[in-house]
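User: I would like to go through how some labels on a model are justified. Please set each value against its cut-off.

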Amino acid sequence: MSKKKRRIVEKSLKDLDFEIEKLSNSESDNTKLNKLIDERKELEKEIFSDLSSWETVQLARHPNRPYTLDYINAWCDNFTELHGDKAFADDNAVIAGIGIIDNMKVAIIGQQKGRNTKENIFRNFGMMKPEGYRKALRVMKLAEKFKLPIVTLIDTPGADPGIGAEERGQGYAIANNLFEMASIKTQILSIVIGEGASGGALGIGLCDKMIMLEHTWFSVISPEGCASILWKDSSKAPEAAESLK
């Protein structure tokens, strides 16, 4: 589907949403409402059935996608967040704690982005630092001790690339998590809820089972990073996304 045609279809989708909302709030016959809902489903299929790799990347990054805290709030009647790595600091890019899902206690660890500039700065755009990986491992070890299953939610453009993170052992923190997670005796389920780039994602993503939600991606490197290395030009990210499949 061409970009021009996609824009027309997306506008039609928006118009349908408006009509559906209007009919939902009235006491009119449900026949027309159901017909519009079916029409919307078909249009949605048409839009998303022919996405390029780069469009998939952009959808994975869409600011209206649910983030880790949205899932936790939807799943858990009771969630206790745990903070800090007991060595340096608390990393706000990762949420970690114990929750109850359908009467089952689970450890939940997930990368958290922000919905505006202020939140993104606070959450470091979902890019974990060494203390974040240590915090995640601390909660995993706690889960192992009390025989709780672990759920990790992956949504990051990569690990924090700053000098401070490197000075505090970013590479070691990720490698140590991989080493430790490989031998954790409780089950680990990893869910890619957005984007999963490089070791930044793998640092909480080594698991017994991984599932990916629709229009998400998981790769050895981000398209921008790949383009910067191969072509010395991050604007070639769409071509890199195609190469990375």
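Analyst: This is a predicted model. Phenylalanine 125 is a place to begin: its relative accessible area is 41%.

User: Why is phenylalanine 125 called partly exposed?

Analyst: Buried requires under 20% and exposed over 50%. Phenylalanine 125 has 41%, so it is partly exposed. The residue sits in the loop between helix 5 (117-123) and helix 6 (130-145). Its phi is positive, about 55 degrees, although it is not a glycine.

User: What makes lysine 86 exposed?

Analyst: Its relative accessibility is 75%, and the label exposed needs over 50%, so lysine 86 qualifies. Lysine 86 belongs to the loop between strand 1 (78-81) and strand 2 (94-101). Its phi is also positive, near 60 degrees, in a residue other than glycine.

User: Why is asparagine 177 called buried?

Analyst: The limit for buried is under 20%, and asparagine 177 has 1% relative accessibility, so the label applies. Asparagine 177 is part of helix 8 (residues 170-181). Beyond its neighbours within four places in sequence, it is in contact with Tyr133, Ala136, Leu137 and Gly203.

User: How do you know that asparagine 177 has a polar atom within reach of tyrosine 133?

Analyst: A polar atom of the asparagine 177 side chain lies 3.1 Å from the backbone oxygen of tyrosine 133. The cut-off for a polar contact is 3.5 Å between N or O atoms.

User: What makes the pair of aspartate 17 and arginine 40 a salt bridge?

Analyst: Their side chains meet at 2.4 Å, N to O, and the criterion is a nitrogen within 4 Å of a carboxyl oxygen. Aspartate 17 is in helix 1 (residues 3-24) and arginine 40 in helix 2 (residues 30-48), so the bridge ties together parts 23 residues apart in sequence. Both ends are partly exposed: aspartate 17 has 32% relative accessibility, and arginine 40 has 21%.

User: Which residues does lysine 113 share a salt-bridge network with?

Analyst: Lysine 113 is linked with Arg61, Asp155, Glu195 and Glu224 in a network of salt bridges. Within that network, the side chains of lysine 113 and glutamate 195 meet at 2.7 Å, N to O. Lysine 113 lies in the loop between strand 3 (104-111) and helix 5, and glutamate 195 lies in strand 5 (residues 188-197), so the pair ties together parts 82 residues apart in sequence.

User: Are lysine 113 and glutamate 195 buried or exposed?

Analyst: Lysine 113 has a relative accessible area of 9%, which is under 20%, so it is buried. Glutamate 195 has 3%, so it is buried as well.

User: How do you know that arginine 168 and glutamate 131 form a salt bridge?

Analyst: The N to O distance between their side chains is 3.0 Å, against a limit of 4 Å. Arginine 168 is in the loop between helix 7 (163-167) and helix 8, and glutamate 131 is in helix 6, so parts 37 residues apart in sequence are tied together. Arginine 168 is partly exposed at 27%, whereas glutamate 131 is buried at 4%. The structure holds eleven salt bridges.

User: What makes phenylalanine 218 eligible for a surface patch?

Analyst: A patch residue needs over 30% relative accessible area and no salt bridge. Phenylalanine 218 has 32% relative accessibility, so it passes the area limit and counts as partly exposed. The residue is in strand 7 (residues 217-219). With Leu202 and Met212 it forms a nonpolar patch on the surface, with about 230 Å² of accessible area together.

Methods:
Residues numbered from 1 in each chain as written. Predicted model: local features only at pLDDT ≥ 70, side-chain atom pairs only at ≥ 80, totals over all residues. Heavy atoms only, no water. Patch = residues over 30% accessible without salt bridge, like charges linked within 9 Å, V, L, I, M, F, W, Y side chains within 5 Å. Areas by Shrake-Rupley, 256 points an atom, 1.4 Å probe, with all protein chains shown as cover. Helix = DSSP H or I, 4+ residues; strand = E, 2+ residues; numbered from the N terminus. Buried < 20%, exposed > 50% of the residue type's maximum accessible area, 1.4 Å probe, protein only. Polar contact = N/O pair within 3.5 Å; in protein donor to acceptor, adjacent residues only side chain to side chain. Contact = heavy atoms within 4.5 Å.
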